[in-house]
Amino acid sequence: VSGSVTLEDRAKREVGYSAVDAYVRDGTCIGLGTGTTAKFAVDRVGELVAKGWSLRAVPTSVATATQCRMLGIPLANFGSEAIDVAIDGADETTRGRDLIKGGGGALFREKAVALAAATFVVIVTDRKVVAKLGAFALPVEVVPYSLPVVLRELQTYGVPITHRNRDGAAYLTDNGNAILDCAFGTIDDPGALDARLQALHGVVDTGLFVGLTARVLVAGEDGSTDAF
Ligand code: 5RP
């Protein structure tokens, strides 16, 4: 219903549709991200497939795979063919294109697809653009068996840590893992922090995406656009 569409939704739709129109080429295999912004890019891909485009998509989550099936977008398994471009949202981005992702819990598959894609394009509204990462709590995906050990180790950083829950139960990722949301506040060196966290046994991945993004497309709620 158009009456319930917010300015933020309009900006998400605008940036999602423009990314697909600018970067997706007929006949290719593409990576499709997860979240309320990426959802609009998936919608646009669905429209292209309905028009007769020949596309295959590697989804970054069960939720995105479900949306692809509903729209008739043919799916490809990760690793089965080269990914031309991947399009995904983010929770925070700097103008240097370092990101925090994983607010939706899909960080591991999102990073797998971003690493594999020839071009990784990020779509955000302007409220996601920050001078420094870290106001958004950094999601860290952890094997449940190792959770107490990893948690104790992370507590030495002295930042607030939340074991993510959903509907009163421990949240599990599509990979069956836990998420610890770590509120670092300000992250001065995202690459170094990512390497330190990933060196902890039991940590599967972090939501820090450093040096992976070719282009960030931004839409403002006032109708403005930006890219870097
Ligand atoms: C999911 C993600 C999302 O891309 C991120 O959370 C942004 O989502 P949204 O577009 O809904 O704000 O990383 O794991």
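User: In this predicted model, how far from an oxygen atom of the ligand does a polar side-chain atom of Lys-128 lie?

Analyst: Lys-128 is one of the residues that come nearest to the ligand, in a list that also includes Asp-91 and Gly-102. Its contact runs from a polar side-chain atom to a ligand oxygen. The distance for Lys-128 is 2.8 Å.

User: Which residue places a backbone N or O atom 3.4 Å from an oxygen atom of the ligand?

Analyst: Glu-110 reaches a ligand oxygen through a polar side-chain atom, at 2.9 Å. The contact asked for is made by the backbone instead, and a pair of N or O atoms counts as a polar contact within 3.5 Å. At 3.4 Å, the residue is Gly-104.

User: What percentage of the ligand's own accessible area does the protein cover?

Analyst: On its own, the ligand has 380 Å² of accessible area. Around the ligand stand 17 residues, and by class this shell has three nonpolar, nine polar and five charged residues. The share of the area covered by the protein is 91%.

User: Which helix gives the most to the lining of the largest cavity?

Analyst: The structure holds one cavity of 30 Å³ or more, and about 40 Å³ of space lies in the largest cavity. Its lining includes Leu-107, Phe-108 and Arg-109, and by class it has three nonpolar, four polar and three charged residues. The helix in question spans residues 107-116 and supplies three residues: helix α4.

User: Why is the protein chain described as being as compact as a globular protein of its length, and what is its radius of gyration?

Analyst: The chain has six helices and 15 strands. For 228 residues the globule rule gives 17 Å, and the chain's own value is close to this, so the chain is as compact as a globular protein of that length. Its C-alpha atoms fill a box of roughly 55 × 40 × 35 Å along the principal axes. The radius of gyration is 17 Å.

Technical notes:
Residues numbered from 1 in each chain as written. Predicted model: local features only at pLDDT ≥ 70, side-chain atom pairs only at ≥ 80, totals over all residues. Heavy atoms only, no water. 1 Å grid on protein atoms, 1.4 Å probe; cavity = no way out; pocket = protein on both sides within 12 Å on 5 of 7 lines; lining within 4 Å. Points joined across faces, edges and corners; volume = space filled by probe spheres on them. Helix = DSSP H or I, 4+ residues; strand = E, 2+ residues; numbered from the N terminus. Nonpolar A, V, L, I, M, F, W, Y, C, P; charged D, E, K, R; others polar. Near = heavy atom within 4 Å. Polar contact = N/O pair within 3.5 Å; in protein donor to acceptor, adjacent residues only side chain to side chain. Areas by Shrake-Rupley, 256 points an atom, 1.4 Å probe, with all protein chains shown as cover. Rg over C-alpha atoms; globule rule 2.2 N^0.38 Å.
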